[in-house]
Every structure is written in C-alpha cells, then in structure tokens.
Amino acid sequence: MNNDSKAPKKADLILKNASQLLTCAGTDPCQLEVLTNGWAVLAGDRIVGVGGDRDALEAFKKNGGFDCSNAEEHDLSGKVLAPGFVDCHTHLVFGGSRMDEYVAKLPRGDMEALVRRGIPTGLAASMAMTREASEEALTESAGKRLENLMASGITTVEIKSGYGFTTEHELKQLRVIENLRKKLPLDLHATFLGAHGWPPNMKKEDYMDLLLMEMIPEIGRSGLATACDVWCDDGYYTAAESEKILSRALDFGMKPKIHTDAYSLIGGSELAVEMGMLSADHLNYTSYAIMEKMATAGIPGVLLPGTDFNVNHPVLTQPGLMLKAGMTLALATNLNPGNYVESMAFVLVLACRRHGMTPGEAVRAATIGGAVALGLQEDRGSIEVNKRADLQIWDTPRYENIIYRQGASLVETVIKNGQIVFGRLTPER
C-alpha cells in the first residue's frame, strides 16, 4: 500500500525549449541570467523546476520528486520565457480624461485656448472628475486599464488613491481596488496617497490636520491599504511634514513610501533612508551621495521614464549613477491621467533610449526590481524554484527585441499563479 505522504506531487505544466529563459535571479542589478533551451515546470501556483538543458529536463521528469506524466507540455522554441512584470507605481483609479490638457501641452498646443474654454487641468481636474464618478464607473474604467496592463505582461500592480482628498472619496478609490481584486486575476497592492496634494479650497495646514486626525485612522482601520505614500517636493509637502504623515500611517499599520526629488532636493530621499521605506520614487534630482545612502540602507529607487517623457522633464533620472552607487532599481508605468502609459514595453524602450539603461538592466528593474519595491522579492519577480508561477512568453527568440521592435505586441501569453490569463498555449498532447 502506497504511503500518500511519500507519493510524488503532480506537475501541471512544462514549458520547454525556450530560446531564452530570463531568470532575473541573482543580486547583481547589471546582470541578466539568460538560459538557452530553457525550461520551467509548474505545479499549482508555484515554479518547481527550472533549467537550461534538455537532458536536465528529462532528469527532472524522472527524479525531480514530481509526477510529470500528466503535465501539459508546451514547446517554446523561438520564444522568450520571462517573469511577469511587477508594476510597482500606478494611479490607475481615476475619473474622466485629461486628453485635451495633454494635447494642449504638446509643442504646438495652445494652453491659453484651453483656459478660455474653461477646461480644468492638473490634479484639481482629476480630483473633481474622480469625486463625480460613481464607484461602479471607476471600477469599470480602471478594470479596462488593468486588462491592458496584463496584456503587456504585468502580473502584479500597485495602485494608489490620491484623487479624492476627503475620507469618503479616498475610501471610494480604495474600495474600487478591492472590487478589482474580485474581477481580475492579478495581484493588486493598494497604497493610500491622501498626501498627493491638498484641495484648492483648503489650506495645507488644515488638510494636514484632516489627514492626521481623520483620514489616516479611518483608512488604517478599514484595512484597504497596506502602504501610505506622500509627495515630498517643492510646492507639495516638506520632509518634516512627510515624516509626520508617514509616522502617523505607521501607527495604523501602513508601510511608508515616498514620491520625492522629482522637481527639487528637499530631503525626501534622505527621509526614505531614515525611515526604512519600501521605496523612493521619481528621483530626478537625487544626489550621488544620497544614492549611496539609499544603496547602503537597501531602499530601492522606482524610476518612471514615461513621466519624464510625457512632461518633457528637464532633468532625467540617472540609472547609471544609481547602479554605480549600488542601488536596486525598479521601473514602473506610473499610469495616471497625465501619464497614460499602459505598456511596460514602452517604459523599457524609454529607459534604454533616453535614460541609458541596458536591455538587461531594464528587464530586471521591471521584474525583480519591482518586486523588491513592494517587498515581494521572496515570492515573485524571478523564475526560481518555489517562487510564484507568474510568467510571460514573448513571440521572439531574443529578449532585446522588446526594446528594438518598438510598438510591437510581443507578449503572446501571460501566466498568473500557474494559470493562463492572457493569450493561449497549444499543448503537445
């Protein structure tokens, strides 16, 4: 009689013969491990075997401790197998559109004409349109954006609130994220960003009182957000104000992260080091000395090439210097009304062409780097045994084509938790 506890576990899926398998493993942010004739074996929602040799796969099937006799096998010859992208910075729950504003800000646009037409712009416009939108409408529009992110290879997404500026409307945005968890097979991580600015009809001091005494306690007790963010920059919150807000959030169980150094250097990135934050994001004006401090403290930097492109930023982020300092880098879409980027491939193109990253550095930053920025690196972001089976398959034999073939839809299949959620695979048997 067989002892069930010693019976081999069953493998469900075998992906083999990939022209390139990008493990994104290891600790060197400048090195991308690439296996030829790569294979991965999946059981349930986990990766249970990885390798780069046909004989090694056959050996695993015989002696790997998993019954592979009924596993579906898929030949990935001529294709790339990569980890799912981790998009660690978005604002994708919002109402309305700011297309007219974007067009008016193009080189030959006419912002004065927009003002004459009475069309609101900026953060205040998004606030008004998000407040006006129902929870159902926000769920529907955000769901479509998430589907587009998934089609671009993204399997984990961080989503911030920050267009409500009242307890009621910030909670509405966070409930939308909860609704989306039930509708789409992606992992969603919610961040409270009440300190995205403040309402135009309130003084900052009064709004901070609201944040500290009402909003943060209510959000914390709701359990709808696991992190709290703040925009620390000239014209927004000072480093001292940011520390007060984020310390209060910590009291209610929300981990700190920060928008900072986007337009000035006023202490936000140093505060990230002092508070041991999840990440510091933007970092256009960060000095090399602070980069070294962030590296020593293990604070990842989240870079947003789409934003630098769309606002025509005068000072681009410097990933080369950051990597030289020893920092861990992440890339994210920063999908929001003023930066409508729904493709991680587009972010990778910009990161390489405009910011000087190599294709390998960019891919690592969009996978394991994003996982580090969310504190999830032990669970996802690379193709390694025991990690979550979040994968994507590109219809190309070399990964550099994700940079070279601009505008092409190379993502053929997306697998989330071991299940196909975008595209399809034709099994051999």
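A residue counts as buried when its relative accessible area is under 20%. Keep that cut-off in mind for two of the stops below. One more thing before you start clicking: this is a predicted model.

**Stop 1: the two domains**

Colour residues 9-82 together with 383-423 as domain 1, and residues 85-374 as domain 2; this is how the domain assignment divides the protein. Note that domain 1 is written as two stretches of sequence. If you place a marker at the C-alpha centre of each domain, the two markers will sit 31 Å apart. Now show the residues where the domains meet: 26 residues of domain 1 are in contact with 23 residues of domain 2.

**Stop 2: the annotated span**

Next, select residues 81-421. An unreviewed UniProt entry gives this span the feature "domain: Amidohydrolase-related". Helix makes up 43% of the span and strand 16%. Try a distance between the C-alpha atoms at its two ends, and you should find 15 Å.

**Stop 3: the largest pocket**

Which residues should you pick to find the centre of the largest pocket? Select Arg98, Tyr263, Val311, Asn336 and Gly338, which are the closest to the centre among the 29 residues of the lining. The space in this pocket comes to about 730 Å³.

Now bring up three helices: H2 (99-104), H4 (122-132) and H11 (305-310), each of which gives the lining at least two residues. H11 has the largest share, with three residues. Colouring the lining by residue class is a good next move: you will see 14 polar, 11 nonpolar and four charged residues.

**Stop 4: Asp261**

Go to the loop that runs between strand E15 (258-260) and helix H9 (268-275), and select Asp261 there. What is the sign of phi at Asp261? Phi is positive, near 60°, although the residue is not a glycine. For context, most residues other than glycine have a negative phi. Is Asp261 buried or exposed? Asp261 counts as buried because its relative accessibility is 0%, below the 20% cut-off.

**Stop 5: Asn17**

Finish at strand E2, residues 13-18, where you will find Asn17. Asn17 is another residue other than glycine with a positive phi, here near 65°. The relative accessibility of Asn17 is 14%, so this residue counts as buried too. To compare the two stops, show both side chains: Asn17 belongs to a strand, whereas Asp261 belongs to a loop.

Key: Residues numbered from 1 in each chain as written. Predicted model: local features only at pLDDT ≥ 70, side-chain atom pairs only at ≥ 80, totals over all residues. Heavy atoms only, no water. 1 Å grid on protein atoms, 1.4 Å probe; cavity = no way out; pocket = protein on both sides within 12 Å on 5 of 7 lines; lining within 4 Å. Points joined across faces, edges and corners; volume = space filled by probe spheres on them. Helix = DSSP H or I, 4+ residues; strand = E, 2+ residues; numbered from the N terminus. Nonpolar A, V, L, I, M, F, W, Y, C, P; charged D, E, K, R; others polar. UniProt positions renumbered as here; feature names shortened; annotations may be inferred. Buried < 20%, exposed > 50% of the residue type's maximum accessible area, 1.4 Å probe, protein only. Domains from an automatic or database assignment. Contact = heavy atoms within 4.5 Å.
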